[in-house]
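Welcome! Take a moment to look over the chain, and then let us walk through it together.

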Amino acid sequence: MSQEVEQQRNTIANLEQRLENVKIENEARSKERQGEKPPSPTREILTELTSLRDENTNLKREQRLMASAFHDLAGRLQVSSVTLQRRSAQPASWLGRQRRIVEGNLGGGAGRR
């Protein structure tokens, strides 16, 4: 599970780097043409930028979902192991001790422990 999260983080970092590169290229082009009106981004660049942002948003959403599912699963496993441990332990309450004493006396056992 942690490998998937790491892979998603790497993908997000990759996409953010690509987005940053596109921004840098656009800034460089606009600095080259200082005297002219800055060129409007082409349709291809805008489309790629939009798709990268959408993909980045989807990957972040998926990462949050995986993290919450992992947290939920770990919590369930922890609760079930605590329940199993409690069943094997002797009762620690006053009422539980009294029940053991009475059961011991009724069964001809040793009585108090």
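Buried residues, meaning those under 20% relative accessible area (over 50% is exposed, and partly exposed lies in between, with a 1.4 Å probe and protein chains only), make up 14% of the 113 residues in the protein chain. This is a predicted model, in which local features need pLDDT of at least 70 and side-chain atom pairs count only at pLDDT 80 or more, while totals for chains, interfaces and linings use all residues. Residues are numbered from 1 along each chain as its sequence is written, and side-chain values use heavy atoms, with hydrogens and water left out.

Now for the surface. The protein chain exposes about 9,800 Å², an accessible area that comes from the Shrake-Rupley method with a 1.4 Å probe, where for residues only the protein chains shown count as cover. Carbon and sulfur atoms supply 51% of that exposed area.

Next, follow the chain from its N terminus: the elements run α-α-α, giving three helices and zero strands. Helices here are DSSP runs of H or I with at least four residues, strands are runs of E with at least two, and both are numbered from the N terminus. How do the parts of the chain touch one another? Counting as contacts any heavy atoms within 4.5 Å, and looking at contacts between residues at least 6 apart in sequence, 70% join residues at least 24 apart.

Charged side chains offer a good way to see some of these links. Side chains of opposite charge can pair when their charged atoms come close. A salt bridge is counted when a side-chain nitrogen of Lys or Arg is within 4 Å of a carboxyl oxygen of Asp or Glu, and the structure holds three of them.

One of these pairs K60 with E16, at 3.9 Å from N to O. K60 lies in helix α2 (residues 43–88) and E16 in helix α1 (residues 2–32), so this pair ties together parts that are 44 residues apart in sequence. K60 is partly exposed at 37% relative accessibility, and E16 is partly exposed with a relative accessible area of 37%.

Another salt bridge joins E48 and R18, whose closest N and O atoms are 3.7 Å apart. Here E48 in helix α2 meets R18 in helix α1, linking distant parts of the chain, 30 residues apart. E48 is partly exposed at 35%, as is R18 at 40%.

Finally, look at R76 and D72, which meet at 3.3 Å, N to O. Both sit in helix α2, four residues apart, so about one helical turn separates them. R76 is exposed at 57% relative accessible area, whereas D72 is partly exposed at 39%.
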